[in-house]
Amino acid sequence: MRLTLDGQQALRRGRAGTWRRARLVLLPTLAVLLLYLAWPYFTLWQLDQALVCGDAAALVRLVDLAAVRDEIKRKLNKDSASAIGDLSDPFIRWLEAGIQAAGSGAVDQLVTLDWIREQLLANVAGKGLLPRLSFAFFDAPDGFRLTVDGSGGNPVHARLTLGNAAWRVSALYY
């Protein structure tokens, strides 16, 4: 059966209308997806600027200090799950020395914004976080891992978590 000229035109108009409706949904969805994928990288740039400039107020906004401490405590407790991977020997020695000196409150005393800043800058003068970034990508829809080349060849690992409409550092170890 052949379509008449009127039938062919109606079919084309129907397809064009369907494509227009699909674009109304697809293009905004794609734009939101791209913004979501770029968001933690923008947060890394903000973190780099705060570290280099020594902006403590920005660090407070970008680092969830309680979560970083909690992840380290959970890693020390073998019965709890933790987002922290394998610890390096220098990190374990640092924790042991702190526990011997400060007792059970060692993590709360040792893990400060200044300590986090030192670890992420890795005492490399004149360089921020971004030039030494060796890995940064999602590990979950609300999780983003990064690895920074540290001093003495020890990489520093961090995890950003999405919560309360912001990406924040929630774990740090080396």
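A salt bridge, as the term is used here, is a side-chain nitrogen of Lys or Arg within 4 Å of a carboxyl oxygen of Asp or Glu. By that criterion the side chains of R159 and D139 meet in a salt bridge, with a distance of 3.0 Å from N to O. Since R159 lies in strand 3 and D139 in strand 1, the pair ties together parts that are 20 residues apart in sequence. The model in which this contact appears is a predicted one, and the account below starts from the sheet that carries R159 and then turns to the helices.

The sheet is open and consists of four strands in the order 1-2-3-4, with antiparallel pairing. Strand 1 and strand 4, the latter spanning 166-173, stand at its edges, and because each has a single partner strand, one side of each is left without a neighbour in the sheet. Neighbouring strands are turned against each other by 25 degrees on average, when direction is ignored. Helix 6, which covers residues 113-121, packs on this sheet and touches strand 2, strand 3 and strand 4, while its direction makes about 80 degrees with that of strand 4.

Following the strands in order, one begins with strand 1 (residues 133-140), which pairs with strand 2 over six bridges in the antiparallel sense. The two strands form a hairpin with two residues between them. Within this pairing F135 stands opposite T147 of strand 2, and F137 has R145 of strand 2 as its bridge partner. Strand 2 itself runs over residues 143-148, and because five of its six residues are buried, it is largely enclosed by the rest of the structure.

On its other pairing, strand 2 meets strand 3 (residues 156-163), again in the antiparallel sense and over six bridges. Here R145 recurs, with R159 as its bridge partner in strand 3. R159 in turn stands opposite A171 in strand 4, so that the residue can be followed from one pairing to the next, in line with the strand order 1-2-3-4. Strands of a sheet pair through backbone hydrogen bonds, either parallel or antiparallel, and the bridge partners named above should therefore be kept apart from side-chain pairs such as the salt bridge of R159 with D139.

How many bridges join strand 3 to strand 4? There are seven, and the two strands run antiparallel. Their hairpin has two residues between the strands, and in it N164 takes a positive phi near 55 degrees. Although strand 4 stands at an edge of the sheet, six of its eight residues are buried, so it is largely enclosed by the rest of the structure.

With the strands in place, the surroundings of the R159 salt bridge can be described further. R159 is buried, with a relative accessible area of 14%, which is under the 20% limit used for that class, whereas D139, at 35% relative accessibility, counts as partly exposed.

Side chains of opposite charge can pair when their charged atoms come close. A search of the whole structure finds five salt bridges, and two of these involve R74 of helix 3 (residues 65-76), one with D70 at 3.2 Å, N to O, and one with E71 at 2.6 Å, N to O. R74 and D70 both lie in helix 3, four residues apart, about one turn of the helix, and R74 and E71, being three residues apart in helix 3, are likewise separated by about one helical turn. R74 is partly exposed at 30% relative accessible area, and D70 is partly exposed at 36%, while E71, at 9%, counts as buried. Salt bridges that share partners join D70, E71 and R74 into one network.

Helix 1, at residues 5-53, includes L37, and T43 also lies in this helix. Is T43 buried or exposed? At 4% relative accessibility T43 counts as buried, and, leaving aside residues up to four places away in sequence, T43 touches L62, L160 and W167. L37, by contrast, counts as partly exposed at 35% relative accessibility. Together with L30, L33 and L34, L37 forms a nonpolar patch on the surface, and the four residues have about 350 Å² of accessible area together.

How values were computed:
Residues numbered from 1 in each chain as written. Predicted model: local features only at pLDDT ≥ 70, side-chain atom pairs only at ≥ 80, totals over all residues. Heavy atoms only, no water. Buried < 20%, exposed > 50% of the residue type's maximum accessible area, 1.4 Å probe, protein only. Pairing = 2+ DSSP bridges. Axes fitted to C-alpha atoms, helices over the stretch in contact; angles between N-to-C directions. Contact = heavy atoms within 4.5 Å. Patch = residues over 30% accessible without salt bridge, like charges linked within 9 Å, V, L, I, M, F, W, Y side chains within 5 Å. Areas by Shrake-Rupley, 256 points an atom, 1.4 Å probe, with all protein chains shown as cover.
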